[in-house]
Amino acid sequence: PNTGLGFVFLGVALWLPQRPSPMDSRLAVAARAMAGVPALIGLLTLAEYFLGIDLRFDNWLFREALNAERMPFPGRMAHATAFNLAMFGLALPLLSSKSRRLQVTAQGLALTGTLSGLVAMTGYLLGAKQLYGVAAFSTVALPTALLSTLVGFAILAARPSVGVMTAITDNHHGGFIARRILPATLILPLLNAWLRLKGQQAGLYDTEFGLAIFAMSNVMLFALFVWWSAQSLNTSAAAHRTSEGRFRTLFERAPDGIVVTDSQGRFIDANETMGRMVGYHRDEIAALRILDIVAPSETLRIGAAFDAVRAGADYHQEWQARRKDGSTFPVEVVGARMPDGNLMGLIRDITERRKAEEEVRTLYADLERRVAERTEELGTANKEIALSLLAKEQLLQETHH
């Protein structure tokens, strides 16, 4: 009963932090408390075994049914089961910690319990009782072994971007190969061993021949699996090289300058257009920082721009860039943060655009001046016509009189 109770608490403690809705502080405390129950059950049971004491808590549940079995320690779980519950119960609170070191420690505890469950399952598969029980009253049941393995995998999967799981969940080639090989590593040897054992038990071959078949079949299966993974990896790598080649072509032939810097503004890469724009040879740019190609007056704005881009915001502004000879010119800059943490910037020389804008402003100002002059001329002419009409009217009046 304590085994079942421990796994129920482990399941709830593992489920609560993974809920879609945000978990408040009370639920977080409840999850850690629930994880503490199986840890306490496991540690107390181990203390009973190794200290030779009876804490009389193994048959709190279903006492009459357990006592009717007439076992030496009614209701007491196996050594390995108590060990697994303790490992998992200690792992879950550490898994919720913000410290990556404690999260890695939690994964180590979960991995230990998982391996223990796998050993017991292997014993059941191959009929090796020594792997899942040392006595009639200290046997790991098959459902317990299965649950131990599943809970261990669940704890590992709950933090896929931490510790040992990063190599498996990574989106690069290493993670791709790990996700293909790991399932075969866990399943194929056990299945092969089971088939070899059943063949020997059926009298098809003796021990030596069975071992030879087991070894050769493992070699052949894994060689085939490695070949298949290598083919898939080569196909993926070829597609990646094609994509990278296209990107590189666009990068080099772009009419605008493109730069890649680290988070501190040191250049990692730049295209030839950028080199021509600022007057540096491409090899020289590798030793520069972004501050080396902007006017001194832009220093504060550069710092604010890098802070914004590092925080994940897109950036779009105009700066005054500086050439190698010290002359400055206007540029338009678009910046963004790349997935690897580096920063990419698109830099466009807007000198001609500024000239065109200045010409438009000059033409507009000239047009306004001409309109004002013409308006003034028309006003003067209107005044003269009005005076002339007034004089003629006065003359007509005098003649009439």
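This text walks through a predicted model, from its confidence to its sheet and then to two buried residues.

Start with confidence. The protein averages a pLDDT of 84. Of its residues, 96% score at least 70. Confidence varies between elements. Helix H6, residues 142-158, marks the high end with a mean of 92. Strand S1, residues 133-135, marks the low end with a mean of 64.

Now the sheet. It is open and built from 5 strands. Read across, the order is S4-S3-S7-S6-S5. The pairing is antiparallel. Strand S4 (267-270) and strand S5 (315-322) stand at the edges. Each has a single partner strand, so one side of each lacks a neighbour in the sheet. From one strand to the next, the twist averages 30°.

Look at the S5 end. Here S5 pairs with strand S6, residues 328-337, in the antiparallel sense. The pairing runs over 8 bridges. One residue pair helps to locate it: Glu318 has Glu332, in S6, as its bridge partner.

A helix covers this part of the sheet. Helix H13, residues 351-400, lies across S5, S6 and strand S7 (343-349). Its direction is about 120° to S6.

Stay with S6 and find Gly335, which belongs to this strand. Its relative accessible area is 10%, under the 20% cut-off, so Gly335 counts as buried. What does Gly335 touch, once neighbours within four places in sequence are left aside? The contacts are Val309, Asp314, Tyr315, Met344 and Gly345. Val259 gives another point of reference. Gly335 and Val259 are 76 residues apart in sequence. In space, their C-alpha atoms are 9.5 Å apart.

Move next to the loop between strand S3 (257-261) and S4, where Asp262 lies. Is Asp262 buried or exposed? The relative accessibility of Asp262 is 15%, and buried means under 20%, so this residue counts as buried.

The side chain of Asp262 has backbone nitrogens around it to inspect. The backbone nitrogen of Arg266 lies 2.8 Å from a polar atom of the Asp262 side chain. For the backbone nitrogen of Gly265, the distance to a polar atom of that side chain is 3.0 Å. Asp262 also has contacts beyond its neighbours within four places in sequence. These are with Ile268, Phe306, Asn342 and Leu343.

Put the two sites side by side. Gly335 is buried in a strand of the sheet, S6. Asp262 is buried in the loop between S3 and S4.

How values were computed
Residues numbered from 1 in each chain as written. Predicted model: local features only at pLDDT ≥ 70, side-chain atom pairs only at ≥ 80, totals over all residues. Heavy atoms only, no water. pLDDT = per-residue confidence, 0-100. Helix = DSSP H or I, 4+ residues; strand = E, 2+ residues; numbered from the N terminus. Pairing = 2+ DSSP bridges. Axes fitted to C-alpha atoms, helices over the stretch in contact; angles between N-to-C directions. Contact = heavy atoms within 4.5 Å. Buried < 20%, exposed > 50% of the residue type's maximum accessible area, 1.4 Å probe, protein only. Polar contact = N/O pair within 3.5 Å; in protein donor to acceptor, adjacent residues only side chain to side chain.
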